[in-house]
Amino acid sequence: MTAPVPRLELGELGLDRGAHLLVKHALRGLALGAELEVVGSAPDLRLHLQAWARQQGLGWAPIPGGARLTRTAALGGRWAGAERAGESAPSGNKSVLEQPPARWGLAARGAMVEAGDLGFEFRLDRKEVLWSERGGELYRQALAAQWDPAVAIDWSAPCELPDEVEDAVVQVMTYLIENETAALLVPARFLSGIHPHFREVLQLLAVQAADEARHIEVFTRRATLKRADLGLSTQGGQASLKTLIDEPDYALAFFLLSVLGEGSFLSLLRFLHEHAPDPVTARVAELSGVDEARHVAFAMAHLKRHLAHDPHLRPRLAAAVEARFDSLREMSGLNEEVFDALVLLAAGSFQPAAIARGHAAVLGLKADMDAARRHRLEQLGFERSEAERLSSLHTRNFM
Ligand SMILES: [Fe+2]
Ligand SMILES: [Fe+2]
């Protein structure tokens, strides 16, 4: 004796109003080859069931008031042949693949991806180059540390400086803005080439770009607090930044930008925080410095990992510093306006004793930048003498 064919009563509900969900649900509980009778009073139900069964690859036979469907392997066809795009796991370390296939496209890590290949191309698809175990953690830190310029900075704080000191602040801000712009464009440029499997890297670089957008905003706002016009942007400064924008290699670009450039900027922002002649300048430098420390930390982390996996990387990093030095040899380095502005900003007045103090502070800043660069280079495994040499070849534009 054969078991009776199960029957699904749809009542008035038609396939055009969601009945297919009930049919699918009922079919899922059945073995392959088993049948299901579907009946109801919706107009044209039998015809609709026929079309739907063909679409789903199911067997179909007419019965009074509906149809008899046969469960086949094709039910949920798009799942058949689909593959799991790695593991979503938030720790993401072991579950992140060395080189995920491009055919996974934009699928979430951990999704089932329907078979097929739409021809996505991701230029950056190697864990060795991109990954750091710290990515997810730094991303969450970055989100928690986002600040609103309208709230975090008291723009109405007293800010009455002698004309020339205000001009110096405006000049320094002008210089900072173009450097921040380079720091925004570099991660933004690489972002579009990163395989979405490396989700945490995408997220982190996106927030990093947003950080730079905010830095541009606050430096612009400080520059125009008392003045309608900004200071001088020099060819030498821009030539230095252009070498960063033009660098096509991910590891080299972030080494030059984040380890050496933003690393030096950490010293500069600390200097500005400490020596600022007004509270607004001090605060914008302080807040930006906190963000920059994260940018430097991520670059250090992924480069350390990359170096541990690729013995050829370290000499390539050194060669990149040398090549950049050579290409900027004819350029004057930090423009005189910025240097003088930093001295005056730290001096706060034209008193000779104050200028002497400001000048000494700027020399101290340069020494501080150099020491920090050497320290980071040594952390990346460069010998002390090599770290010293490479640091001395770093662009005189600081970034
Ligand atoms: Fe920045
Ligand atoms: Fe930055």
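Aspartate 44 sits in the loop that leads from strand S2 to helix H2. In this predicted model, its phi is positive, near 60°, although the residue is not a glycine. Most residues other than glycine have a negative phi.

The two elements on either side of that loop belong to a sheet and its packing. The sheet is open and has four strands in the order S1-S2-S4-S3, with mixed pairing. Strand S1 (7–9) and strand S3 (59–63) form the edges, each pairing on one side only. From one strand to the next the twist averages 25°. Helix H1 (residues 19–28) packs on this sheet and touches S1, S2 and S4; the direction of H1 makes about 155° with that of S2. Strand S2 (residues 35–39) and strand S4 (residues 66–70) run antiparallel and are joined by five bridges. Within this pair, valine 38 has alanine 67 of S4 as its bridge partner. Helix H2 (residues 45–56) also packs on the sheet. The strands touched by H2 are S2, S3 and S4, and the direction of H2 makes about 170° with that of S3.

S3 and S4 are likewise antiparallel, with five bridges between them. Tryptophan 60 stands opposite leucine 69 in S4. In a regular strand the side chains alternate between the two faces of the sheet. S3 and S4 form a hairpin with two residues between the strands, and glycine 65 in this hairpin has a positive phi near 80°.

The next topic is the metal site. Which residues coordinate the iron ion (ligand 1)? The donors are Glu180 (OE), Glu212 (OE), His215 (ND1) and Glu292 (OE), at 1.8 to 2.2 Å. Along the chain these donors follow the spacing E-x31-E-x2-H-x76-E. The angles among the four donor atoms run from 84 to 151°, and the site is irregular. Glutamate 212 also reaches a second metal: this residue bridges the iron ion (ligand 1) and the iron ion (ligand 2), which lie 3.5 Å apart. Glutamate 180 lies in helix H6 (residues 163–191) and glutamate 212 in helix H7 (residues 199–223), so the pair ties together parts that are 32 residues apart in sequence. Both glutamate 180 and glutamate 212 are buried.

Further along the chain comes helix H13 (residues 352–379), with 28 residues. From its first C-alpha to its last, H13 reaches 41 Å, close to the 40 Å expected at 1.5 Å a residue. The buried residues of H13 include Ala354, Gly358, Ala361, Val362, Leu365, Met369, Ala372 and Leu377. Two arginines, Arg373 and Arg376, are buried in H13 as well. An α-helix has 3.6 residues a turn, so residues three or four places apart point the same way. What do the buried residues of H13 pack against? Their partners are helix H9 (250–275), helix H10 (279–309), helix H12 (336–347) and helix H14 (384–393). After H13 comes glycine 381, whose phi is positive, near 95°.

The segment after H14 contains phenylalanine 398. Phenylalanine 398 has a positive phi near 75° and, like aspartate 44, is a residue other than glycine. Is phenylalanine 398 buried or exposed? Its relative accessibility is 5%, so phenylalanine 398 counts as buried, the cut-off being under 20%.

Terms used: Residues are numbered from 1 along each chain as its sequence is written. Chains are lettered from A and ligands numbered from 1 in the order in which they are written. This is a predicted model: local features need pLDDT of at least 70, side-chain atom pairs count only at pLDDT 80 or more; totals for chains, interfaces and linings use all residues. Side-chain values use heavy atoms; hydrogens and water are left out. The expected span of a helix is 1.5 Å times one less than its number of residues. Buried means under 20% relative accessible area, exposed over 50%, partly exposed in between (1.4 Å probe, protein chains only). Contact means heavy atoms within 4.5 Å. Donors are N, O and S atoms within 2.8 Å of the metal (3.2 Å for Na, K and Ca); water is not among the atoms, so sites may look incomplete. Four donors count as tetrahedral if all angles lie between 85 and 135 degrees; four count as square planar and six as octahedral if opposite donors are over 155 degrees apart and all others between 65 and 115; anything else is irregular. Two strands pair if DSSP finds at least two bridges between them. Axes are lines fitted to C-alpha atoms, for helices over the stretch in contact, and angles run from 0 to 180 degrees between N-to-C directions.
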